[in-house]
Structure formats: structure tokens, C-alpha cells
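Here's a quick walk through a few spots worth a look, taken one at a time. Have the sequence and the 3D view open as you read.

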Amino acid sequence: MLLNRNPEICAAELDGEVCLFNPQSAVYLNLNSTGSNIWNLLEAPTALDKLISNLQARYAVDADICRSETESFVSEALEKGMLLQSQPA
Amino acid sequence: MTPLLRWPSRLIAYCLFSLLDHGIWMLIQLLPGPKLLKVARQRPWQTWQLRLTPARQRHWRHRVAWLLRTRCRRAGWGSTCLSRSFSGRMLFDLLGVANELHLGMSKFSDGRKVPHAWLRDPETGRLYTPGLSPGAGAPLTQF
């Protein structure tokens, strides 16, 4: 499964951190610097494993912690409708 | 220069506008966000739009702009940037005056990020309610 940004979401960068607004649910979300990096890495549809390896290359972080933190971020973003899942072509 | 409104009509107009603002503030507390956004987008009150001559429309636009400026300076509890912008949008729509409701995120000096709404004239870019401070906010959407 590929992860991609919901095209309906309005996003803007404020002091290096991304702010999101979902016009369908009227929910605002302020991402921290790591969340903003994940959002920027998802500019093109990306598989979760690829996303995690990209993050591991950027941050000196334990592989298990990186996976669990990324999975929890992604599941919350999916729940809030900020990200979508799609089948690879 | 003659004032836009004279006493006591200025005071009465301000009180009525404050009531509208406060009523909308209460609606914002009660209505779910998606429903509120839908209403702000669809603007059902436009069916009651007044047919004014351009001169009358300009005259009333200045009056409503004055009300919004004054309300923004004086408002306290029971009024938010969204309720004031929403009230302004309703009045401008009734007068047939073009307006844009903007939503964004503003950042306070202590680092807090807070959602912000403001109303703007799409033709001149003039702000009817205070917008984002330069460098301390990011616009997200408009409708």
C-alpha cells in the first residue's frame, strides 16, 4: 500500500513546521518538525517501508522506535483524513 | 469629514452588530465544524440579497466596514475572529458586496499556534478584519 497526501488538505509552512487544515472535517493539525518532514517526504506516493527507511537515513534513531513512531503518526493522520492509502499501479 | 453614522444610530448599529456577532459565536459553539464550513461556503442568506444602487452599496459597505473595525477593537468574551468575520460576511452578502473569508494559522510570540479567520475584499485586497501579522502566520484556505 502506498501512502499519499489527501489532495483536499490545505497545508502551509509556518516557521519550518507544517500546519494542515482539513476542509471536510474542519480540523486543524500542527505538525512538529518530524511530522513536517514526514509530510514533505510524502509529496509523491510512498510505501510505509520506504518512508521509514528515508526517516532512518535522516535521523539517528533506533529502527524499532522509528517504525513504531512512524506507524502511530501515519495511523493518526489516516484517521484524521490527512493521508490516504492507495494501491500501487 | 462627516462621520459614517451619528449618535445614537452609531451606538444602536454597534449593539445590533454585537448581538449578531454573539449569536454567531454561539452557533459556532453548537454547530459541528463541517456543517459550519458548509454554511459559510454556500451562504444560504444570499437569497435575501438587497438590490442596491452602486452608490448605496458603497455607502453601506463603509458602514459595515466601520462596524467590523469597531467590533474588532472592542470585542471581548463571546466573540472570536471567526464569529466577527462570519457576521461581516453575512452583512456584506446581504448588501451584495464581494468578500472572501480566509482561514489560517497564526503564531503568537510565545510560540503558540492558533487558528485565525479574517475577512478581505477580493477586489482591493483590503482587510475588513485584522489578518495575519507578517511573518507570524500562514494562510491555509479561503472561500
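## A hairpin, a helix pair and some buried residues

Strand β1 (residues 100–107) of chain B and strand β2 (residues 113–120) of chain B run antiparallel, and 8 bridges join them. Keep in mind that this is a predicted model. The two strands, β1(B) and β2(B), make a hairpin with 5 residues between them. In that turn sits B:G111, whose phi is positive at about 95°.

Now zoom in on one residue of the hairpin. B:S106 belongs to strand β1 of chain B, and across from B:S106, in β2(B), stands B:V114. Is B:S106 buried or exposed? With a relative accessible area of 11%, B:S106 is buried, because anything under 20% gets that label. Setting aside neighbours within four places in sequence, B:S106 touches A:L14 from chain A, along with B:R112, B:K113, B:V114, B:H116, B:L132, B:A136 and B:G137.

Staying in chain B, look at B:S85, which lies in helix α4 (residues 81–95). B:S85 is buried too, at a relative accessible area of 0%. Beyond its neighbours within four places in sequence, the contacts of B:S85 are B:L101, B:A117, B:W118, B:L119 and B:T129.

Over in chain A, A:V74 is part of helix α3 (residues 63–79). A:V74 counts as buried, with 5% relative accessibility. Leaving out neighbours within four places in sequence, A:V74 is in contact with A:L3, A:L48, A:L51 and A:L83. The C-alpha atoms of A:V74 and A:I38 are 9.0 Å apart, with their positions 36 residues apart along the chain.

Here are the three buried residues side by side:

| Residue | Element | Relative accessible area |
|---|---|---|
| B:S106 | strand β1 of chain B | 11% |
| B:S85 | helix α4 of chain B | 0% |
| A:V74 | helix α3 of chain A | 5% |

Last stop: a helix pair in chain A. At what angle do the axes of helix α1 (residues 33–41) of chain A and helix α2 (residues 48–58) of chain A cross? They cross at roughly 130° and come within 11 Å, which means α1(A) is oblique to α2(A). The crossing of α1(A) and α2(A) is right-handed. On the α1(A) side, A:N37, A:I38 and A:L41 make the contact, while α2(A) brings in A:L51, A:N54, A:L55 and A:R58. Sorted by type, the residues of this contact between α1(A) and α2(A) come out as 4 nonpolar, 2 polar and 1 charged.

Key
Residues are numbered from 1 along each chain as its sequence is written. Chains are lettered from A and ligands numbered from 1 in the order in which they are written. This is a predicted model: local features need pLDDT of at least 70, side-chain atom pairs count only at pLDDT 80 or more; totals for chains, interfaces and linings use all residues. Side-chain values use heavy atoms; hydrogens and water are left out. Axes are lines fitted to C-alpha atoms, for helices over the stretch in contact, and angles run from 0 to 180 degrees between N-to-C directions. Helices (H or I, at least four residues) and strands (E, at least two) are DSSP runs, numbered from the N terminus. Angles under 35 degrees count as roughly parallel, over 145 as roughly antiparallel, 65 to 115 as roughly perpendicular and the rest as oblique. A crossing is left-handed if the near helix is turned anticlockwise from the far one by less than a right angle, and right-handed if clockwise. Contact means heavy atoms within 4.5 Å. Ala, Val, Leu, Ile, Met, Phe, Trp, Tyr, Cys and Pro count as nonpolar, Asp, Glu, Lys and Arg as charged, and the others, Gly among them, as polar. Buried means under 20% relative accessible area, exposed over 50%, partly exposed in between (1.4 Å probe, protein chains only). Two strands pair if DSSP finds at least two bridges between them.
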